[in-house]
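User: I'm new to this one and curious about its charged side chains. Can you walk me through them?

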Amino acid sequence: MKQAKTDRGEGPAGALTTAEREELVRLRRKVREQEQTIEVLGKATAFFAQQRTK
């Protein structure tokens, strides 16, 4: 009931609509995936940098 009011724009200030909640979940998932990619690329860079010095 509360969420339905929020979705209609009648909820408390700062309350997230269902669409906003879904977007937040999607964006957090994307950030997590990008962080993992950055970590892998960093490890690969370090590995290949070591190989060049040998």
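Analyst: Sure, here are some short questions and answers on salt bridges. This is a predicted model, where local features need pLDDT of at least 70, side-chain atom pairs count only at pLDDT 80 or more, and totals for chains, interfaces and linings use all residues. Residues are numbered from 1 along each chain as its sequence is written, and side-chain values use heavy atoms, with hydrogens and water left out.

User: How many salt bridges does a search of the whole structure find?

Analyst: Side chains of opposite charge can pair when their charged atoms come close. Here a salt bridge means a side-chain nitrogen of Lys or Arg within 4 Å of a carboxyl oxygen of Asp or Glu. Searching the whole structure, the count is 3.

User: Which residue forms a salt bridge with Arg26?

Analyst: The partner lies in helix H2 (residues 18–53), as Arg26 does, 3 residues away, about one turn of the helix. Helices are DSSP runs of H or I, at least four residues, numbered from the N terminus. The closest N and O atoms are 4.0 Å apart, and the partner is Glu23.

User: Is Lys43 buried or exposed?

Analyst: Buried means under 20% relative accessible area, exposed over 50%, and partly exposed in between (1.4 Å probe, protein chains only). Lys43 has 56% relative accessibility, so Lys43 counts as exposed.

User: And what is the N to O distance in the salt bridge between Glu39 and Lys43?

Analyst: Both residues sit in helix H2, 4 residues apart. Glu39, at 45% relative accessibility, counts as partly exposed. Their side chains meet with an N to O distance of 3.2 Å.

How values were computed: Helices (H or I, at least four residues) and strands (E, at least two) are DSSP runs, numbered from the N terminus.
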